[in-house]
Amino acid sequence: MGVRGRFLSFEGIDGVGKSTQAHRLVERLQSDGYSVLHTREPGGTAIGAKIRRLLLDPNHDTMGCRTEVLLYAADRAQHVHEVILPALNRGSIVVCDRYVDSSLAYQGFGLELGAESIQTINDWGTAHLVPELTLLLDAEPETTLVRVGGDRIETRTLEYYRKVREGFLTIASEAPARVVVVNAMLSSDRVADDVWRIVETWLSR
């Protein structure tokens with residue numbers, strides 16, 4: 001049996017720079033000789049890509065809030081089964097752009113559905129798989145939303161995104177050993193340096 005891999009996630013509201021920072025981290029890890037899998041949610045599998053199109057299509061404006069929760073959970077369950085767990089079992093570092101915390105923040109806090117049921121659904125769907133480290137890139141939505149497009153989620157109100165951000169910060173305050181808040185208002189280079197310092201310390205443990 002080989003050494004089990006390591007699992008970290010990037011979180012934050014839309015436009016905060018998660019994908020950019022995840023990509024930069026993956027490149028740095030690979031340059032240091034690590035085996036790394038970079039993946040994302042929703043859409044990290046062929047099945048998930050179809051679910052992603054359903055979730056983000058702005059024409060699907062009749063989608064119920066609970067339907068949204070269940071579709072994200074279905075995407076995640078397949079993602080864990082098909083992509084994340086096999087990579088961890090191969091000994092790779094998995095860098096995931098969004099995971100369960102996004103559902104808690106976006107649907108639990110943003111849509112005010114509450115976190116408990118969403119956590120339960122996702123615990124079951126992921127077989128209780130939790131990242132060892134979560135990097136929460138934090139910035140004010142008034143700043144980040146000018147960088148995003150117009151999918152079904154991104155067209156929601158500024159007040160909605162304020163609730164989502166508060167949800168992420170609440171999650172961070174409740175899980176300080178796992179979630180590290182990174183100031184995403186700084187330059188991309190500064191954020192990348194901060195991310196690397198955090199990850200380097202984590203990998204040494």
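**Helices 2, 3 and 4: a quick tour**

Helix 2 makes a left-handed crossing with helix 3. This is a predicted model, so keep that in mind throughout.

Let's stay with that pair. Helix 2 covers residues 46-56, and helix 3 covers residues 65-89. Their axes come within 9 Å and cross at roughly 160°. Angles over 145 degrees count as roughly antiparallel, so helix 2 is roughly antiparallel to helix 3.

Which residues meet there? From helix 2, look at Ile47, Gly48, Ile51, Leu55 and Leu56. From helix 3, look at Glu68, Leu71, Tyr72, Ala74, Asp75 and Gln78. By type, that contact has seven nonpolar, two polar and two charged residues.

Next, one residue of helix 3: histidine 79. Is histidine 79 buried or exposed? Its relative accessibility is 0%, so histidine 79 counts as buried. Its side chain has a polar contact of 2.7 Å with the side chain of threonine 39. Beyond its neighbours within four places in sequence, histidine 79 touches Thr39, Arg40, Glu41, Gly44, Thr45, Ile84 and Cys96.

On to helix 4, residues 100-110. How many of its eleven residues are buried? Ten of them, so to speak of helix 4 as mostly covered is fair. Among the buried ones are Val100, Asp101, Leu104, Tyr106 and Gly110.

What covers them? The cover includes strand 1 (6-11), helix 3, helix 5 (115-125), strand 4 (133-138) and helix 7 (158-174). Note helix 3 in that list.

Last stop: glutamate 112, just after helix 4. Glutamate 112 takes a positive phi of about 60°.

Notes
Residues are numbered from 1 along each chain as its sequence is written. This is a predicted model: local features need pLDDT of at least 70, side-chain atom pairs count only at pLDDT 80 or more; totals for chains, interfaces and linings use all residues. Side-chain values use heavy atoms; hydrogens and water are left out. Axes are lines fitted to C-alpha atoms, for helices over the stretch in contact, and angles run from 0 to 180 degrees between N-to-C directions. Helices (H or I, at least four residues) and strands (E, at least two) are DSSP runs, numbered from the N terminus. Angles under 35 degrees count as roughly parallel, over 145 as roughly antiparallel, 65 to 115 as roughly perpendicular and the rest as oblique. A crossing is left-handed if the near helix is turned anticlockwise from the far one by less than a right angle, and right-handed if clockwise. Contact means heavy atoms within 4.5 Å. Ala, Val, Leu, Ile, Met, Phe, Trp, Tyr, Cys and Pro count as nonpolar, Asp, Glu, Lys and Arg as charged, and the others, Gly among them, as polar. Buried means under 20% relative accessible area, exposed over 50%, partly exposed in between (1.4 Å probe, protein chains only). A polar contact is a pair of N or O atoms within 3.5 Å; within protein, one must be able to donate a hydrogen and the other to accept it, and residues adjacent in sequence count only if both atoms are side-chain atoms.
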